[in-house]
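Student: Please take one part of this structure and examine it closely, then set it in the context of the whole chain. I should like the cut-offs behind each term as it arises.

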Amino acid sequence: MVIAPRHFRGKLLSLMAVAWAAGSAFAYLAGFLLSGLGKESWRFMLIASAIPELIVLAVRVGIPE
């Protein structure tokens with residue numbers, strides 16, 4: 001079973017590469033902004049990292065595999 005048509009796969013791979021780079025930049029920025037919250041800022045960083053995972057989980061539930 002093919003999920004992505006052959007002519008669209010290159011665009012999807014390029015989008016994935018851009019998403020990795022944007023995610024890295026966003027994670028750095030979020031860590032930098034949350035680091036000023038004091039000694040317990042690591043808890044907020046951990047919670048902030050769970051938010052994208054919940055979004056991905058919701059999207060993956062509907063994907064046929």
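Tutor: Ala-19 belongs to helix 1, where helices (H or I, at least four residues) and strands (E, at least two) are DSSP runs numbered from the N terminus. The model is a predicted one, in which local features require pLDDT of at least 70 and side-chain atom pairs count only at pLDDT 80 or more, while totals for chains, interfaces and linings use all residues. Residues are numbered from 1 along each chain as its sequence is written, and side-chain values rest on heavy atoms, with hydrogens and water left out.

With a relative accessible area of 47%, Ala-19 is partly exposed; buried means under 20%, exposed over 50%, and partly exposed in between (1.4 Å probe, protein chains only). Between the C-alpha atoms of Ala-19 and Leu-33, which are 14 residues apart along the chain, the separation is 21 Å.

Ala-19 also takes us to the largest pocket, since Ala-19, Gly-23, Phe-26, Pro-52 and Val-56 are the lining residues nearest its centre. A pocket here is an open set of points on a 1 Å grid over the protein atoms alone, where a 1.4 Å probe fits, with protein on both sides within 12 Å along at least five of seven lines; lining residues have an atom within 4 Å of a point. The lining of the largest pocket comprises 17 residues. Helix 1 (9-34) and helix 2 each supply at least two of them, and helix 1 contributes the most, with 10 residues. In chemical class, the lining has 13 nonpolar residues, four polar ones and no charged ones. The volume of the largest pocket is about 680 Å³, taken as the space filled by probe spheres set on the grid points, which are joined across faces, edges and corners.

Helix 2 offers several positions for comparison. Ser-41 lies in helix 2 and counts as buried, at 8% relative accessibility. Apart from its neighbours within four places in sequence, Ser-41 is in contact (heavy atoms within 4.5 Å) with Leu-34 and Ser-35. Leu-46, also in helix 2, is exposed, with a relative accessible area of 54%. The C-alpha atoms of Leu-46 and Gly-31 are 9.7 Å apart, with these positions 15 residues apart in numbering. Glu-53 is another helix 2 residue; it is partly exposed at 47% relative accessible area. The C-alpha atom of Glu-53 is 22 Å from that of Glu-40, 13 residues away along the chain.

Ile-63 lies in the segment after helix 2 (41-61). Ile-63 is partly exposed, with a relative accessible area of 37%, and its C-alpha atom is 26 Å from that of Ala-27, a position 36 residues away along the chain.

Taken as a whole, the protein chain has two helices and zero strands. The radius of gyration of the chain is 16 Å, well over the 11 Å that the globule rule gives for 65 residues, so the chain is more spread out than a compact globule; the radius is taken over C-alpha atoms, and the rule is 2.2 Å times the number of residues to the power 0.38. The C-alpha trace spans about 50 × 25 × 10 Å along its principal axes. Of the 65 residues, 5% count as buried. The accessible surface of the chain comes to about 5900 Å², by the Shrake-Rupley method with a 1.4 Å probe, and 74% of that surface belongs to carbon and sulfur atoms.

Notes. Ala, Val, Leu, Ile, Met, Phe, Trp, Tyr, Cys and Pro count as nonpolar, Asp, Glu, Lys and Arg as charged, and the others, Gly among them, as polar.
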